[in-house]
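User: Hello! I have a model open on my screen and would like your help with a close look at one part of it.

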Amino acid sequence: MSILDNFEQWKDFLGDRLEAAQQGGMTQEVINEMAYRIGDYLSAEVEPKNAEERLLKALWDASSEEEQKVLAQLMVKLVQNEGTTH
């Protein structure tokens, strides 16, 4: 099963990558830009595998570039916050 098949696994994967980036010294600005680029790639190239991903794609596709950057920042914040509650 792919990590994209299950939204919780996808968030865990993102959280692990985020933690590694922060430990590697990446700034929040660089992390947010990478999240935006990943979101743009996923929206254009990867078929959503579950309801959460379909919602994120619909929001992404309906948004301006500025709004997409906010959405990417919110995904980063979501996995950061979940990482502090586990």
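How many residues does α2 have, and how far does α2 reach from its first C-alpha to its last?

Analyst: Happy to help, and please keep in mind that this is a predicted model. α2 has 18 residues, and the distance from its first C-alpha to its last is 25 Å. That is close to the 26 Å expected at 1.5 Å a residue.

Now look at which residues of α2 are covered. I31, N32, A35, Y36, G39 and S43 are the buried ones. Viewed down the axis of α2, they fall within an arc of 140°, so these buried residues line one face of the helix. An α-helix has 3.6 residues a turn, so residues three or four places apart point the same way. Turn to the face of α2 directed away from the buried side and you will find the exposed residues R37, Y41, A44 and E45.

Next, see what the buried side of α2 takes part in. I31, A35 and Y36 belong to the largest nonpolar core, a set of ten residues that also includes L18, A21, W60, L71, A72, V76 and V79. At least two residues of this core come from each of α1 (7–23), α2 (28–45) and α4 (65–85). The largest share, four residues, is supplied by α4. V76 is a good place to zoom in: leaving aside its neighbours within four places in sequence, V76 is in contact with L18, Q28, I31, N32 and A35.

α1 makes a handy companion to α2. Its end C-alpha atoms are 24 Å apart, which agrees with the 24 Å that its 17 residues should span at 1.5 Å a residue. In α1, the buried residues are F7, W10, K11, G15, L18 and A21. Those residues cover an arc of only 140° around the axis, which puts them on the same side of α1. After α1 comes G25, with a positive phi near 95°.

Finally, zoom out to the whole protein. There are four helices and zero strands, and from the N terminus on the elements run α-α-α-α. The radius of gyration is 13 Å, close to the 12 Å that the globule rule gives for 86 residues, so the protein is as compact as a globular protein of that length. Among contacts between residues at least 6 apart in sequence, 62% join residues at least 24 apart. Of the 86 residues, 27% count as buried, and the accessible surface comes to about 5900 Å², with 53% of it belonging to carbon and sulfur atoms.

Terms used. Residues are numbered from 1 along each chain as its sequence is written. This is a predicted model: local features need pLDDT of at least 70, side-chain atom pairs count only at pLDDT 80 or more; totals for chains, interfaces and linings use all residues. Side-chain values use heavy atoms; hydrogens and water are left out. A nonpolar core is a set of buried Ala, Val, Leu, Ile, Met, Phe, Trp, Tyr and Cys residues joined through side-chain atoms within 4.5 Å. Buried means under 20% relative accessible area, exposed over 50%, partly exposed in between (1.4 Å probe, protein chains only). Contact means heavy atoms within 4.5 Å. The expected span of a helix is 1.5 Å times one less than its number of residues. The arc is that of the directions from the helix axis to the C-beta atoms. The radius of gyration is taken over C-alpha atoms; the globule rule is 2.2 Å times the number of residues to the power 0.38. Accessible areas come from the Shrake-Rupley method with a 1.4 Å probe; for residues, only the protein chains shown count as cover.
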